[in-house]
Amino acid sequence: MPVIVKVLLSSISHCAVQFHYSRKTGGVLLARLISPLCVFYWVGLQLHRLQQCTFNKPLRSDDFEKKPFIISVGNITTGGTGKTPIVIDLASYFLKNNKTVLILSRGHAATQTSTDGQVNTAQEGDEAFLIQQKVPGAFVRVGKDRKSLLNTWVKELSPDVVILDDGFQYRRIQPDFSIVLLDGNRLLGNGYLLPVGPLREPIGALKRANCLIQTKAISPENQKKVLEIKKQSGHPALVSFTAPFQASQVLTAKDWMAVYTGQSSASNDIATSAQKEHVLLKGACLLVSGIADPQSFESAVLKLGGKIVKHCIFPDHATYPADSVNRIVQAFHQLNNNPTEQLTDSPTEPGNSCELKLITTEKDAVKLLPKLPQAVLAHAAVLCVAPQLPEELFKQLDLSLVKIKNGEETAVIRQ
């Protein structure tokens with residue numbers, strides 16, 4: 001695909017997201033004007049649901065001799081709610097409690113198919129590969145037909161827990177516990193279905209959920225709005241939690257690659273001190289991201305003291321082919337000539353370096369870092385974020401797991 005086309009598509013995608021979550025009067029009025037377009041999406045949604053449910057009996061934990069506890073992690077809006085970090089945290093929790101964990105991913109933007117069922121490269125699914133690197137003790141399997149994957153690998157591995165990544169709209173598997181994530185900043189945007197708004201389903205779909213989790217930045221104002229969302233869904237008693245995201249580590253590209261390629265086991269010791277974060281992020285930063293919510297990445301860097309001189313934004317699940325890497329390298333060298341010209345408020349305290357740094361996300365790092373030339377890689381760093389999941393959620397999950405093992409139903413309301 002020509003570079004100009006990729007740039008155009010990236011711009012259109014970015015503008016669509018801005019429109020979906022716009023609170024400006026003009027954006028709200030335009031959304032209301034074109035809202036009849038939602039009817040076409042709704043019709044397609046119903047047909048897809050019929051195809052998934054009417055002609056295919058959903059697979060349940062009861063269908064297996066050793067019942068696995070099936071957890072779905074998904075969202076009701078388009079991406080950017082933080083599913084991958086939540087899945088990683090849940091898997092880590094169950095592994096620490098000596099449970100066997102199987103994670104099923106659709107493998108968004110995968111360009112290769114695994115030959116052995118395992119996720120060996122980012123080309124087999126960037127998020128799935130990142131999950132495998134972060135929780136190597138879990139079994140991660142990728143495929144569009146997750147029902148077949150579940151049937152095959154539950155019989156093969158006999159897992160205690162199965163986690164469906166982005167599983168809320170996948171109706172061919174009936175989860176025992178359904179978690180829906182909601183961006184704590186953006187919530188439901190303008191409240192319309194695609195393509196006018198960010199909703200993948202009507203709000204009433206929340207009746208299928210066991211709990212709702214607000215992720216990323218949490219404000220008291222939006223917490224009140226969540227109560228209204230639950231009322232609108234017809235499920236006012238839906239349990240809701242908050243899981244603010246915090247920067248857990250800032251790693252140099254070299255350290256990050258060493259930790260998550262198995263060359264080092266010191267993931268808890270590298271770059272965790274405040275001084276190390278200060279050195280990596282203070283000063284001029286060139287950001288590179290291909291995620292659904294690049295604004296949250298910018299906010300995290302600014303919060304840690306970084307000065308953003310440019311943000312190269314690519315489409316979600318960007319694969320970073322040669323032309324994209326060349327754009328990044330050119331931008332880096334161009335800005336590196338004199339980045340301080342764009343930093344009129346750059347602080348001058350000791351330890352503050354004006355040297356340009358390239359900062360990216362973990363999701364992008366698995367694809368981008370191996371392709372960067374050494375001259376740029378030496379100045380690159382990775383911002384790692386982690387959700388602060390509440391203890392009460394884990395208590396509910398443990399209780400539900402016991403119920404499933406005892407043959408009891410969990411308290412999910414299904415449509």
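Is E127 buried or exposed? Here are some notes to help you find your way around.

1. Let us settle that opening point. Please keep in mind that this is a predicted model. E127 sits in helix 5, which covers residues 126-134. Its relative accessibility is 12%, and buried means under 20%, so E127 counts as buried. Setting aside neighbours up to four places away in sequence, E127 has contacts with T84, H108, D165, H317 and K363.

2. Now for the overall picture. The protein chain has 415 residues, and 51% of them are buried. Its secondary structure comprises 14 helices and 11 strands. If you look at contacts with a separation of 6 or more, 76% of them involve residues 24 or more positions apart.

3. The interior is a good place to go next. In soluble globular proteins, nonpolar side chains tend to be buried together. Here the largest nonpolar core contains 68 residues, and I103 and W256 have the most contacts inside it. Helix 4, spanning residues 83-96, supplies the largest share of this core, with 7 residues. There is also a second, separate core of 20 residues, which includes L182, L193, I203 and A205.

4. W256 deserves a look of its own. Not counting residues up to four places away in sequence, W256 touches L130, L251, E362, A365, V366, L369, V382 and C384. One of these partners, C384, has a relative accessibility of 0%, so C384 counts as buried.

5. A word on the cysteines. C211 is also at 0% relative accessible area, and therefore buried. As for disulfides, the structure holds 0.

6. Strand 6 runs over residues 211-216, and Q214 is found in it. Is Q214 buried or exposed? With a relative accessible area of 4%, and buried meaning under 20%, Q214 is buried. Apart from neighbours within four places in sequence, its contacts are L182, G184, L187, N222, Q223, V226, F241, T242 and A243. You may recognise L182 from the second core.

7. T242, one of the contacts of Q214, lies in strand 7, residues 239-252. How does its accessibility class come out? The value is 29%, and partly exposed covers what falls between under 20% and over 50%, so T242 counts as partly exposed. Beyond four places in sequence, T242 touches I213, Q214, I218, Q223, Q388 and P390. For a sense of distance, the C-alpha atoms of T242 and L181 are 9.6 Å apart, while the two residues are 61 residues apart along the chain.

8. Finally, the pockets. Rolling a probe the size of a water molecule over the atoms shows where empty space is left. The second largest pocket has a volume of about 340 Å³. It is lined by 17 residues, and those closest to its centre are L188, G189, N190, G191 and K225. Two elements give two or more residues to this lining: helix 2 (25-33) and helix 7 (220-232). Helix 7 contributes the most, with 4 residues. What is the make-up of the lining in nonpolar, polar and charged residues? There are 7 nonpolar, 5 polar and 5 charged residues in the lining of the second largest pocket.

Note on methods:
Residues numbered from 1 in each chain as written. Predicted model: local features only at pLDDT ≥ 70, side-chain atom pairs only at ≥ 80, totals over all residues. Heavy atoms only, no water. Core = buried A, V, L, I, M, F, W, Y, C linked by side-chain atoms within 4.5 Å. Buried < 20%, exposed > 50% of the residue type's maximum accessible area, 1.4 Å probe, protein only. Contact = heavy atoms within 4.5 Å. 1 Å grid on protein atoms, 1.4 Å probe; cavity = no way out; pocket = protein on both sides within 12 Å on 5 of 7 lines; lining within 4 Å. Points joined across faces, edges and corners; volume = space filled by probe spheres on them. Nonpolar A, V, L, I, M, F, W, Y, C, P; charged D, E, K, R; others polar. Disulfide = S-S within 2.5 Å.
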